Amino acid sequence: MSKHDEPEMESPMPDEERLPVEQQQQQQQHQQEAEAEREEQGEEQQQQEQQREQEAPAQVEFKEGGYGWVVVAAVFFLNAHTWGLNSAYAVFLAYYIRTNAFQTTDIGYAFIGGLSLSIAFVVSPLATFLAGWDKYGTRLTIFTGVIFEAIAFVGSSFATELWHIILTQGISFGIGLGLTFVTSAPVPAQWFQKKRSLANGWVASGSGFGGLVYSLATNAMIQNIGLAWTFRTLAIICFVVNGIATFFIRDRNKALRSVHVAFNWKLFRRPSFILFQLWVGLSLIGYTILVFSIVAYCQNVGLTPSQASLVGALFNLAQGIGRPAIGLSSDTVGRLNIANIGTLLNGLLCLFLWTFGARTFAGCIVFALLSGLVAGVVWATVSPICAEVVGIAMIPSALSVTWLVMVLPATFAEVIGLSIRTPGTWGYRNVQIFTGFLYVGAFLFGWMLRAWKVWELEQAHLDKEQRELAIRDDGVVPSTGLRRHASRASTVKEKVLHLRGLWAVQRV
């Protein structure tokens, strides 16, 4: 065999030649990553352009406020004749406890008021679905609730046993309240950007002014025309007023492409949404106990039914004044700032003024006026803060989930309140302390939610103008900035809660 026939052996590659190959591989890998990042950014820009093109006609047609103020007035009257009537249950409850009208325990009567709230929250997914269904829509859903509410009061006028009043004033009224409130609550916010919190405050004040009127009127009607005709009169009034108000409501669901998903449980993957639920839940329990107990408490410390009814009316009057003020200040000071300050303030009022100062007619009036200003802060700010957490388009879906989560707290709030009551003129001390700490606990979760919002705005690296828009409008900062930063975050603490937000002084 010759030398030329021998197989040639491949010599090992020198280090000088191997190094460039490795560098080429690294360069190719970097290029692929860069191309993938550019493609991702291009897809995001394309989606944003498509969204702007789709929303362009709606934005041209949309005018800040405009017909929205008519919608605000309509929802104001709806709240006055739904939530206002629900607030008047404090008068009914005091009457039931005093006369034992249906031969049952005090807790049985308290269950009726809680049941109406819980049923309202149970039907929230149905209301959300019907409002987003093209064949049904917002107006028809609200009017269906108006019919159920009228049926509830007519049926209550013929009630002779406890289960009768549970079926009518509890379940039927709860269905009507849920269909009306859940459907109408997101609508006013769709018409506003700069004055969204103010509009929501005026809407929420309807329940306060309605509670003022119905607290006085219900007590007077029961004394003069009896319980049965009181229910029938209320049925006529609420059906006529709510029916007219429904006619003037107009939504912008199609223009905003609102998401009406009844059970969007993916929202619970967001820690901020969980904090939002805890703030709403504790506030709701405290508010329910306070609003349903204040009239009975006044009678317990020696006030007459008329004096107690007046205290309840003044409490609702203060709510009617306080909620627009909360909305106005939220747009200037910050929604989360005002919500948390109001929550903490009412907790302190319950712990100190209600517990030790509201022992006389004058003391009860002072507490009712001060507490009423901030007790319902959750109702005045729930929609705007929900927008801060999930965005304006997701409000219907997020609120639907929120109301469903609130079913159990609403059902047993007043039951818990009366169950921890003790005999004697100081029998409500446990109730007062419990209510106060519920508000304080809600404040703690709300403040953590505020810290998250501060962190989110900082991590997005927004300039001053973008920051103002993020706070003022949908409340959700651009996802690109957060996604770009997320790769650099190394701990859950950095992603969820920036401790600096706990003491940062800024408008949020």
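The following dialogue asks how some of the terms used for this structure are earned.

Visitor: What kind of model is this, and how are its residues numbered?
Guide: This is a predicted model, in which local features need pLDDT of at least 70 and side-chain atom pairs count only at pLDDT 80 or more, while totals for chains, interfaces and linings use all residues. Residues are numbered from 1 along each chain as its sequence is written, and side-chain values use heavy atoms, with hydrogens and water left out.

Visitor: What makes helix 4 mostly covered?
Guide: Eight of the 11 residues of helix 4 (residues 89–99) are buried, where buried means under 20% relative accessible area with a 1.4 Å probe and protein chains only; among them are Tyr-89, Phe-92 and Tyr-96.

Visitor: Which residues touch the most other members of the largest nonpolar core?
Guide: They are Tyr-96, Phe-276, Trp-379 and Trp-403, in a core of 101 residues; a nonpolar core is a set of buried Ala, Val, Leu, Ile, Met, Phe, Trp, Tyr and Cys residues joined through side-chain atoms within 4.5 Å. The largest share of this core, 17 residues, comes from helix 11 (residues 271–300).

Visitor: Why is helix 11 called roughly antiparallel to helix 18?
Guide: Helix 11 and helix 18 (residues 429–459) pack at an angle of about 155 degrees, with their axes 8 Å apart. Angles over 145 degrees count as roughly antiparallel, and therefore helix 11 is roughly antiparallel to helix 18.

Definitions and conventions. Buried means under 20% relative accessible area, exposed over 50%, partly exposed in between (1.4 Å probe, protein chains only). Helices (H or I, at least four residues) and strands (E, at least two) are DSSP runs, numbered from the N terminus. Axes are lines fitted to C-alpha atoms, for helices over the stretch in contact, and angles run from 0 to 180 degrees between N-to-C directions. Angles under 35 degrees count as roughly parallel, over 145 as roughly antiparallel, 65 to 115 as roughly perpendicular and the rest as oblique.
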